[in-house]
Amino acid sequence: MRHIRQFIDWVYAFITGHPFIFWMCMALNLFGVVWGGIVWYGPMLASSPLWAWIFIPDCPAAALYATIAFILIRYGRAVPWFTAFAAFACMKYGLWTLAFWSRHWLGAGAVEPLELMLFVSHIGLTCEGILLATRIGPLGMGTRAAVAGFFSLSIVVDYGLGFHPPLTWVVTPAFAMWTAVILTSGLGFWLTRPSVVVAQQIEARGLQLKSDYGAPQQD
């Protein structure tokens with residue numbers, strides 16, 4: 001587990017340590033926000049009430065949250081609850097989309113280039129969520145539960161009120177809903193289990209101490 005965390009930290013440092021790579025990733029995110037919001041979710045947004053818009057463009061919204069979270073972290077203005085929110089969104093909707101296309105291909109028996117591009121791009125979205133998940137920092141249990149609660153509410157809105165993402169003839173609403181339920185439950189458990197809260201508080205305290213002792217002394 002330690003080696004996995006070291007690798008994640010190395011990837012994060014590599015991306016954020018090279019401005020061209022970092023801003024290219026942010027630009028790709030924003031391209032996904034615009035393309036997904038207009039092409040994939042545009043017709044649904046146009047025919048839906050405004051209150052439902054926050055629940056509808058799942059993946060484009062997750063990419064937007066990630067972009068904001070990464071920029072805030074890069075400039076030392078991280079907001080822990082928003083980092084957790086963005087990480088949860090990226091992992092949930094990234095993994096959901098991977099399951100969606102995998103199920104579609106199993107039934108359709110063919111893989112279109114656009115579908116493959118969407119699959120690969122959502123691997124990237126999932127990875128962004130993992131990177132952000134290691135940068136949440138100390139965050140109270142109540143706030144963590146609220147983040148998980150929002151994504152639980154989104155399931156009710158999507159599949160109880162009919163605002164779920166567009167599906168193909170292969171992927172049924174039942175498959176889409178239960179995939180969302182499983183992912184939300186798993187990520188919610190990860191986010192709110194006490195060991196994570198304590199570990200991140202200890203880690204944040206350790207980083208703070210290191211920063212304090214490493215600072216130059218003032219006369």
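This is a short dialogue on reading helices, buried faces and voids in one predicted model.

Trainee: What should I keep in mind before I start?

Mentor: This is a predicted model, in which local features need pLDDT of at least 70, side-chain atom pairs count only at pLDDT 80 or more, and totals for chains, interfaces and linings use all residues. Residues are numbered from 1 along each chain as its sequence is written, and side-chain values use heavy atoms, with hydrogens and water left out.

Trainee: How many helices and strands are in the protein chain?

Mentor: Helices (H or I, at least four residues) and strands (E, at least two) are DSSP runs, numbered from the N terminus. Here the protein chain has nine helices and zero strands, so its pattern along the sequence reads α-α-α-α-α-α-α-α-α.

Trainee: And what share of the 219 residues is buried?

Mentor: Buried means under 20% relative accessible area, exposed over 50%, and partly exposed in between, using a 1.4 Å probe and protein chains only. In this protein chain, 42% of the 219 residues are buried.

Trainee: What do the contacts in the protein chain say about sequence separation?

Mentor: A contact means heavy atoms within 4.5 Å. Of the contacts between residues at least 6 apart in sequence, 78% join residues at least 24 apart.

Trainee: Let's take a helix. What span should H2 have, and how far apart are its end C-alpha atoms?

Mentor: The expected span of a helix is 1.5 Å times one less than its number of residues. Helix H2 (residues 19-40) has 22 residues and should span 32 Å; the end C-alpha atoms of H2 are 30 Å apart, which agrees. You can repeat the exercise on H6, where 21 residues should span 30 Å and the end C-alpha atoms are 31 Å apart, again in agreement.

Trainee: Which residues of H2 are buried?

Mentor: They are Phe22, Met26, Asn29, Val33, Gly36 and Gly37. Because they cover an arc of only 100° around the axis, they sit on the same side of H2; the arc is that of the directions from the helix axis to the C-beta atoms. The face turned away from that buried side carries the exposed residues Phe20, Leu28, Phe31, Val34 and Ile38.

Trainee: Which helices do the buried residues of H2 pack against?

Mentor: Their partners are helix H1 (2-17), helix H3 (42-46), helix H4 (58-74) and helix H6 (113-133). H6 has buried residues of its own, including Phe119, His122, Leu125 and Glu128.

Trainee: Where does Leu30 fit in?

Mentor: Leu30 is found in helix H2 and is partly exposed, with a relative accessible area of 41%. Not counting residues up to four places away in sequence, Leu30 touches Leu64 and Thr67. Leu30 and Ala63 are 33 residues apart in sequence, yet 7.1 Å apart in space, C-alpha to C-alpha. For another pair to look up, try Ser185 in helix H8 (residues 173-192), which is partly exposed at 46% relative accessibility. The C-alpha atoms of Ser185 and Phe151 are separated by 9.5 Å, with their positions 34 residues apart along the chain.

Trainee: Now the voids. What is the volume of the largest pocket?

Mentor: On a 1 Å grid over the protein atoms alone, a cavity is a set of points where a 1.4 Å probe fits but cannot get out, and a pocket is an open set with protein on both sides within 12 Å along at least five of seven lines; lining residues have an atom within 4 Å of a point. Grid points are joined across faces, edges and corners, and a volume is the space filled by probe spheres set on the points. The largest pocket has a volume of about 720 Å³. Its lining has 35 residues, of which Asn29, Ser121, His122, Leu125 and Glu128 lie nearest the centre. H1, H2, H4, helix H5 (80-108) and H6 each give two or more residues to that lining.

Trainee: How do the residues of that lining divide by class?

Mentor: Ala, Val, Leu, Ile, Met, Phe, Trp, Tyr, Cys and Pro count as nonpolar, Asp, Glu, Lys and Arg as charged, and the others, Gly among them, as polar. The pocket lining divides into 26 nonpolar, eight polar and one charged.

Trainee: How many cavities of 30 Å³ or more does the search find?

Mentor: Two. The largest cavity has a volume of about 70 Å³, and H4 gives the most to its lining, with four residues. The second largest has a volume of about 40 Å³, and its lining has six nonpolar, no polar and three charged residues.
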